[in-house]
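Here is a short briefing for someone meeting this structure for the first time. Take a look at the sequence and the model before reading on.

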Amino acid sequence: MTPLYEGKAKRLWATENPDTLRMEFKNDATAFNGEKKASFENKGRLNNEISTLIYGFLENAGVPTHFVRKIDETNVEVKKVTILMVEVIIRNLSAGSYCKRTGIEEGRVFSQPVIEFSYKSDELGDPLINDDYIREMGLATPEDLAHLRKSALQVNSILIDFFAKCGLKLVDFKLEFGRLVSDPSKIVLADEISPDGCRLWDLKTGEKMDKDRFRRDLGNVMEAYEEVLGRLKGSLA
């Protein structure tokens, strides 16, 4: 069977239900817009388990998502959505590209969350865009954008506390949203939330527990993901 869509870390497959898809987590890892690539055994399983736990937690907290159910170790069933081509990045501390653009040292705590938007385009390297770009490119209406901001801040507030209980600091993360195919008036959280798209630091030691271990050649990438999963399970037990 040919996947309907294949990205850097996931594949989407059709199901018997026209309103749902099967989302498969791959073992592939990429960084720097695909310039750095590798494959890690169990990465798909770990990201699937982590994202499943987080999405279940968010659903219980009242955040509408595309998540339906876990199918097996590397697959979940999700509601079919039309992805908005605007990625939302929420930053609680300075890190990564923010530091490169501003020269500010890593780890500065912001007075309030910083929200960035990027254009979802691998070909263009997911460039940063603002409200005016989004309007003129027809990517979202002002009302949609207000909804994305509100939803992103809601998710951020929930996850800061959630990860803190696991001994982790939520530094920054990326979110994607989509319109339900079954009801285009509804925009829900889509894609995944895992150490691939979040920066997570140990609260006590500051150790990086996310994909920066791959980006920076710090080693023990999957060991860090396993540790994150173990802590999440422990906090929900």
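The points below cover the sheet, its helix, a cavity, one loop residue and the cysteines.

This is a predicted model. An open sheet of five strands is the starting point. Helix α1 packs on that sheet. The structure also holds one cavity of 30 Å³ or more. The count of disulfides is zero.

**The sheet**

- The strand order is β1-β2-β3-β7-β6, and the pairing is antiparallel.
- β1 (5-6) and β6 (67-70) stand at the edges. Each has a single partner strand, so one side of each is left without a neighbour in the sheet.
- In general, strands of a sheet pair through backbone hydrogen bonds, either parallel or antiparallel.
- β2 covers residues 10-14 and β3 covers residues 20-25. Five bridges link this antiparallel pair.
- Trp 13 has Arg 22, in β3, as its bridge partner.
- β6 and β7 are also antiparallel, paired over three bridges. A hairpin of four residues joins β6 to β7.
- Within β7, Glu 77 is the residue that stands opposite Arg 69.

**The helix on the sheet**

- Helix α1 spans residues 43-60 and touches β3, β6 and β7 (75-79).
- The direction of α1 makes about 130 degrees with that of β6.
- Glu 49 has its place in helix α1. Is Glu 49 buried or exposed? Glu 49 is buried, because its relative accessible area of 14% falls under the 20% cut-off.
- Leaving aside residues up to four places away in sequence, Glu 49 touches Lys 70, Leu 229 and Lys 233.

**The cavity**

- Rolling a probe the size of a water molecule over the atoms shows where empty space is left.
- The largest cavity holds about 60 Å³ of space.
- Its lining is made by Met 23, Phe 25, Ser 51, Thr 52, Tyr 55, His 66, Phe 67, Val 76, Val 78 and Asp 191.
- Which elements give two or more residues to the lining of the largest cavity? They are β3, α1 and β7.
- The most comes from α1, with three residues in the lining of the largest cavity.

**A loop residue**

- Gly 62 lies in the loop between α1 and β6.
- Gly 62 is exposed, because its relative accessible area of 53% is over the 50% cut-off.
- Gly 62 and Arg 101 are 39 residues apart in sequence. In space, their C-alpha atoms are 35 Å apart.

**The cysteines**

- A disulfide is a covalent bond between the sulfur atoms of two cysteines.
- Why does the count come to zero disulfides? The cut-off for a disulfide is a pair of cysteine sulfur atoms within 2.5 Å, and the distances for two cysteines follow.
- For Cys 99, the closest cysteine sulfur is in Cys 198, at 17 Å, so the two are too far for a bond.
- For Cys 198, the closest cysteine sulfur is in Cys 166, at 12 Å, so this pair is also too far for a bond.
- Cys 99 is buried, with a relative accessible area of 14%. Cys 198 also counts as buried, at 4% relative accessibility.

Conventions. Residues numbered from 1 in each chain as written. Predicted model: local features only at pLDDT ≥ 70, side-chain atom pairs only at ≥ 80, totals over all residues. Heavy atoms only, no water. Buried < 20%, exposed > 50% of the residue type's maximum accessible area, 1.4 Å probe, protein only. Pairing = 2+ DSSP bridges. Contact = heavy atoms within 4.5 Å. Axes fitted to C-alpha atoms, helices over the stretch in contact; angles between N-to-C directions. 1 Å grid on protein atoms, 1.4 Å probe; cavity = no way out; pocket = protein on both sides within 12 Å on 5 of 7 lines; lining within 4 Å. Points joined across faces, edges and corners; volume = space filled by probe spheres on them.
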